[in-house]
Amino acid sequence: MAEKVDVLICGSGSAGLCAATWLARHGIPCKILERREGPMTMGQADGVQCRTVEIFESFGVGEELLRESYHVLEVVFWADDSGSGVIRRTGKTADTQPGLSHQPHVILNQARINMLLIELMKKFNNQEIDYGYTVKDVQVDSQLSGDPEAYPVKVTAEKDGKVESFEAKYALACDGAHSTVRKALGYTMIGDSTDAVWGVMDMVPRTDFPDIRKKSTIRSRAGNLLIIPREGDSYGLTRFYIELPTGTKAKDVRLEDLQGAAKKILSQYEIDFVETVWWSAYAIGQRHADFFHKDHRVFLAGDACHTHSPKAGQGMNVSLQDGYNMGWKLASVLKGLARPSLLETYVLERQKVAIDLINFDRYFAKLFSSQGDASPQEFQEGFIKSGKYTAGLTAKYDESPITSDTGLSKELSPNIAIGMRLPSAQVVRFCDSKPMQLAASLKSDGRWRVIAFVGDLSEPQNMAALKEIGDYLGSDESPLQTFRLKGGDADSLIEPILVGYGNRHDVELAQVPECFYPVTGKNHIRDLHKIFFDDESYNKGHGHVYEHLGIRPDKGAIVIVRPDQYVSAVFSLDGYSRIGAFFEGFMIPQERPEPLAGSKL
């Protein structure tokens with residue numbers, strides 16, 4: 001008999017683990033089949049972009065990630081700009097330009113990144129990985145795919161010589177660049193490859209090169225080199241990406257070739273390679289799958305649907321964010337909270353991201369190549385210009401039921417882009433005067449947020465608008481009530497958040513509608529942690545979040561934010577009734593809970 005599962009994930013790489021973490025967060029078990037005999041021990045993708053750090057923060061493990069990693073704070077540019085064969089420092093810049101993200105770009109072994117997700121899965125739902133399984137075949141019964149309760153995906157896998165069968169409602173192909181699932185579906189990778197060959201090695205260098213513990217780019221007549229320090233300050237582990245001579249075949253490259261090429265590029269400095277932990281050579285190629293799904297029941301993610309060069313540090317990040325995009329959507333559909341059509345937005349959103357990635361990688365690889373004609377100044381300018389992309393902050397999702405451009409965002413909040421992640425800035429929490437990032441309140445717990453930026457409450461019209469919004473969100477007709485989880489609190493699926501402007505000490509809690517501090521939890525006490533002000537804190541200055549987002553204090557705005565922190569819509573304060581219509585476009589109304597005895601919901 002085939003084992004029936006709601007979700008079967010093929011592969012336990014970054015994409016599969018992030019999707020599984022979301023499912024575990026919602027209490028939904030899944031089957032994860034991994035061909036390796038145990039967890040990854042040595043990762044090859046180690047750059048963790050700002051957006052990925054934000055995601056780990058939202059899952060509650062950002063501090064662990066930051067504590068263990070190398071923080072990339074500055075990039076140094078070296079070049080032979082005189083043609084003399086001598087390289088010199090030609091410039092330096094902040095690795096992440098100010099204002100892009102409240103989190104840094106860091107370096108941490110992919111094996112540790114994966115383990116943080118594995119630990120989260122166990123914490124949330126005791127989710128395990130089934131190791132030693134080789135997926136052999138995947139088929140989809142298209143006639144059953146229209147029935148949301150059916151198990152149309154048939155997966156065959158082998159372990160210890162024994163063939164096992166599985167039937168799944170949904171499957172994710174997270175099984176890498178040579179994906180068995182992709183091949184079984186008859187899909188192919190489209191794109192091209194170049195003759196350029198690069199080598200990469202993680203090693204401990206003994207050298208007098210002065211910037212060995214900074215991210216450095218070196219362009220010389222002998223070739224190009226990218227230096228990325230690794231975590232562990234005292235150990236000195238460092239990664240070198242090395243451009244190899246034209247005509248090199250990746251399969252013929254030896255470790256001695258990489259070491260020799262690096263020594264030529266750094267010829268004016270002494271360098272010995274004390275210990276080499278890992279090395280490889282690869283030809284640059286940029287490809288993406290011709291299809292990203294089968295009947296919206298099997299979805300491709302990660303390297304199974306996009307491959308490219310590693311120098312921009314995007315591979316693990318984009319893959320992880322594929323799983324991050326899919327996980328909460330699958331959970332919403334399987335829990336009966338949203339219509340199955342929600343899953344169509346995964347393809348709409350992540351296929352575009354993959355194609356953008358391929359196009360960017362072509363540009364970035366050419367920028368690094370010695371065959372390019374960029375001067376040192378042009379190279380530095382191009383590198384800085386690419387910073388927002390390499391930080392992971394340029395993904396913009398197109399119009400869909402969950403991304404609705406009302407045409408008001410440019411007027412009400414010009415620095416908030418519909419379909420992009422909500423920028424963060426410091427706010428002050430009202431209940432305890434704690435200064436914190438607004439993003440810290442947007443946890444990855446599956447909830448949508450309705451953030452009311454009500455402006456300066458000393459303005460009578462803003463205080464009146466706040467009361468009207470509160471009356472609506474606190475009413476029986478509110479989407480908070482219509483879609484709240486069965487037996488859940490009033491904020492169990494849609495959480496209202498208030499961000500005021502100005503002196504918080506001039507406002508009393510009684511002036512704030514109770515929907516912004518509802519009765520919650522087993523003890524039925526009011527949650528006072530949803531009210532913030534754009535105000536001066538006692539010890540960390542002013543965050544100026546209204547200015548950062550472009551919201552006028554005299555006008556305000558209502559911003560709907562998805563569970564993955566991307567902005568769905570912006571409404572005016574008097575357009576609050578449109579909130580319900582927005583959620584009705586894709587959510588399924590839930591049974592109304594019975595009021596708690598003696599409590600005010």
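A polar contact, as I use the term here, is a pair of N or O atoms within 3.5 Å, one able to donate a hydrogen and the other to accept it. I keep in mind throughout that I am reading a predicted model.

**Entry 1, helix 4.** I began with the cap, and I found that Asn-109 closes the N-terminal end of helix 4, with a side-chain oxygen 2.7 Å from the backbone nitrogen of Ala-111. I then checked the length of helix 4, which runs over residues 110–125: at 1.5 Å a residue its 16 residues should span 22 Å, and the end C-alpha atoms lie 23 Å apart, which agrees. Which residues of helix 4 are buried? I listed Gln-110, Ala-111, Ile-113, Asn-114, Leu-116, Leu-117, Ile-118, Leu-120 and Met-121. After the helix comes Asn-126, and I noted that its phi is positive, near 55°.

**Entry 2, the sheet with strand 7.** I traced an open sheet of three strands in the order 3-7-4, with antiparallel pairing. Strand 3 and strand 4 (70–72) are its edge strands, since each pairs on one side only. Strand 4 meets strand 7 (residues 105–107) over three bridges in the antiparallel sense, and within this sheet I saw Tyr-70 opposite Ile-107 of strand 7.

**Entry 3, strand 22.** How much of strand 22 is covered? I recorded that eight of the nine residues in strand 22 (residues 448–456) are buried. I next looked at its partners: strand 22 runs parallel to strand 23 (residues 494–501), joined by eight bridges, and Trp-448 stands opposite Ile-494 of strand 23. With strand 27 (residues 557–561), strand 22 runs antiparallel and shares five bridges, and Arg-449 has Val-561 of strand 27 as its bridge partner.

**Entry 4, salt bridges.** The structure holds 42 salt bridges, and I looked up several of them. Side chains of opposite charge can pair when their charged atoms come close. Arg-449, which I had met in strand 22 as the partner of Val-561, belongs to a salt-bridge network with Asp-445, Arg-447, Asp-491, Glu-495, Asp-527 and Lys-530. Within that network I examined Lys-530 and Asp-527, whose closest N and O atoms are 3.2 Å apart. Is Lys-530 buried or exposed? I count Lys-530 as buried because its relative accessible area is 1%, against a cut-off of under 20%.

I then turned to Arg-51 and Glu-54, whose side chains meet in a salt bridge at 2.9 Å, N to O. Both residues lie in helix 2 (residues 50–59), three residues apart, about one turn of the helix, and I noted that both are buried. In an α-helix there are 3.6 residues a turn, so residues three or four places apart point the same way.

For contrast in cover I took Arg-254 and Asp-257, whose side chains form a salt bridge at 3.3 Å, N to O. Arg-254 counts as partly exposed at 48% relative accessibility, and Asp-257, with a relative accessible area of 29%, is partly exposed as well.

**Entry 5, a surface patch.** Last, I looked for nonpolar side chains on the surface, and I found Met-42, Tyr-235 and Val-277 forming a patch with about 240 Å² of accessible area together. Where does Met-42 sit? I placed Met-42 in the loop between strand 2 (31–34) and strand 3 (47–48). Its relative accessible area is 33%, so I entered Met-42 as partly exposed.

Key: Residues are numbered from 1 along each chain as its sequence is written. This is a predicted model: local features need pLDDT of at least 70, side-chain atom pairs count only at pLDDT 80 or more; totals for chains, interfaces and linings use all residues. Side-chain values use heavy atoms; hydrogens and water are left out. Patches are made of residues with over 30% relative accessible area and no salt bridge: like charges are joined within 9 Å, nonpolar side chains (Val, Leu, Ile, Met, Phe, Trp, Tyr) within 5 Å. Accessible areas come from the Shrake-Rupley method with a 1.4 Å probe; for residues, only the protein chains shown count as cover. Helices (H or I, at least four residues) and strands (E, at least two) are DSSP runs, numbered from the N terminus. Buried means under 20% relative accessible area, exposed over 50%, partly exposed in between (1.4 Å probe, protein chains only). The expected span of a helix is 1.5 Å times one less than its number of residues. Two strands pair if DSSP finds at least two bridges between them.
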